[in-house]
Amino acid sequence: MQIWTGEGSVGVPPPRAGLNPAEQSGQHTDQLWQPKEEAPRPATMARAPQGPRLLLAIVGALVALTYQTRRKTFISVREVPASASVVVTTLDYVTKEFNKKSEDKYNFRVVRVPKVVQKLTDHMEYHIDVEMRRTVCFKSEANNCSFQDGELYKKIDCFFSVSVLPWFEKYKLLTKNCTDG
């Protein structure tokens, strides 16, 4: 046996690719090395791919879950008087927000509150119809002023939807829809 070390010295020759173990050891066989045949695989039945169905089921579940979280379950819906303390503080908040965002140089003040609806869910919502009029006070002045008459008379009818957490004194204006009256 000859020993191959790499550069003309004696050592074991490196294995040659594609030869079976008998040829690599120097033994000659009459047959060329053939790759070992794999065992036959059992026949599988062809079936429709399950991926699209699974994806459709997941999307359907997500849509249903999203719909459930958006839907509000009302515990109570009732009309409440405008004189209720929470409604009074909510009206103050709405009036300040309206005046702050108004482009008019005069303040507006609530004249009449025809209807207040309280909706109780995970928070309280007040849906308030209000009639407001322009006052003689500019925005920088106090809000407890008399109403304008004559040329500067202006009346506005508004609907406000406000989310209220009265125990934390937190208010959030959800919708505002005002028209000149």
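## Exercises on salt bridges

Arg133 has a relative accessible area of 16% and is therefore buried. The exercises below concern a predicted model.

**Exercise 1.** Determine which residue forms a salt bridge with Arg133, and whether that partner is buried or exposed.

*Solution.* Step 1: The partner is Asp149, and the closest N and O atoms of the two residues are 3.4 Å apart. Step 2: Arg133 belongs to strand β3, whereas Asp149 sits in the loop between β3 and β4 (155-165); with their positions 16 residues apart, the pair links distant parts of the chain. Step 3: Asp149 has a relative accessible area of 59%, so this residue is exposed.

**Exercise 2.** Explain how Lys101 and Glu97 are placed in helix α3, and classify each as buried or exposed.

*Solution.* Step 1: A salt bridge joins Lys101 to Glu97, with 3.8 Å between the closest N and O atoms. Step 2: Because the two residues are 4 residues apart in helix α3 (residues 85-101), about one helical turn separates them. Step 3: Lys101 is exposed, since its relative accessibility is 57%. Step 4: Glu97 is buried, since its relative accessibility is 14%.

**Exercise 3.** Locate Asp104 and Arg134 in the chain, and state whether they are buried or exposed.

*Solution.* Step 1: Their side chains form a salt bridge, at 2.6 Å from N to O. Step 2: Asp104 is in the loop between α3 and β2 (106-120) and Arg134 is in strand β3 (residues 124-138), so that distant parts of the chain, 30 residues apart, are linked. Step 3: Both Asp104 and Arg134 are buried.

Note on methods: Residues numbered from 1 in each chain as written. Predicted model: local features only at pLDDT ≥ 70, side-chain atom pairs only at ≥ 80, totals over all residues. Heavy atoms only, no water. Salt bridge = Lys/Arg side-chain N within 4 Å of Asp/Glu carboxyl O. Buried < 20%, exposed > 50% of the residue type's maximum accessible area, 1.4 Å probe, protein only.
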